[in-house]
Amino acid sequence: MVSREFLRQLEGYGLTTAQILYRLPDHPGVLQTYVWQEYDLAPKFPVLHGFLAFWERELEGPLHSVRVAHSHLIKPAEFRSVNGVFTIH
């Protein structure tokens, strides 16, 4: 059985990591870091935007900044379709 993450990579998704800095609700002068990681589509990042919308709607810590890194783990040059399998004993 093929994992959901592998299928998403074949669809063009890449691993996206976001470093989110936010202010603590009780101490607005203090910044806290949260690291988020998920498969997403660059350059629009719909999954990340959905998460950030959830954050602003549901959580009390206001966002300060978001730094994003993205990498396609499977690239076209690294993946080829195979027409046959040869078994050697």
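Colleague: Which helix is Arg8 found in?
Modeller: This is a predicted model, so to speak on probation: local features need pLDDT of at least 70, side-chain atom pairs count only at pLDDT 80 or more, and totals for chains, interfaces and linings use all residues. Residues are numbered from 1 along each chain as its sequence is written, and side-chain values use heavy atoms, leaving out hydrogens and water. Helices are DSSP runs of H or I with at least four residues, strands are runs of E with at least two, and both are numbered from the N terminus. Arg8 is found in helix 1.

Colleague: How far is Arg8 from the nearest side chain of opposite charge?
Modeller: Arg8 is buried, meaning under 20% relative accessible area (exposed is over 50%, partly exposed in between; 1.4 Å probe, protein chains only). For charges, Lys and Arg count as positive, Asp and Glu as negative, and His and the chain ends are not counted. A salt bridge needs a side-chain nitrogen of Lys or Arg within 4 Å of a carboxyl oxygen of Asp or Glu. Arg8 has none, as the nearest candidate, Glu38, is away by 4.2 Å.

Colleague: What does Phe6 count as: buried, partly exposed or exposed?
Modeller: Phe6 sits in helix 1, which covers residues 4-10. Its relative accessibility is 31%, so Phe6 counts as partly exposed.

Colleague: Which residue in strand 2 stands opposite Leu15?
Modeller: Two strands pair if DSSP finds at least two bridges between them. Strand 1 (residues 14-23) and strand 2 (residues 31-40) manage ten, in the antiparallel sense. Opposite Leu15 stands Tyr39.

Colleague: And in strand 3, what is the bridge partner of Ala18?
Modeller: Strand 3 (residues 63-71) also pairs with strand 1 in the antiparallel sense, over eight bridges. There, Ala18 has as its bridge partner Val68.

Colleague: What is omega for the peptide bond from Ala42 to Pro43?
Modeller: Pro43 lies in the loop between strand 2 and helix 2 (46-58). The bond from Ala42 to Pro43 is cis, with omega near 5 degrees.

Colleague: Why does Phe45 count as buried or exposed, whichever it is?
Modeller: Phe45 lies in the loop between strand 2 and helix 2. Phe45 is not a glycine, yet has a positive phi of about 50 degrees. It counts as buried because its relative accessibility is 14%.

Colleague: In what order do the elements of the protein run?
Modeller: The protein has two helices and three strands. Reading from the N terminus on, they run α-β-β-α-β.
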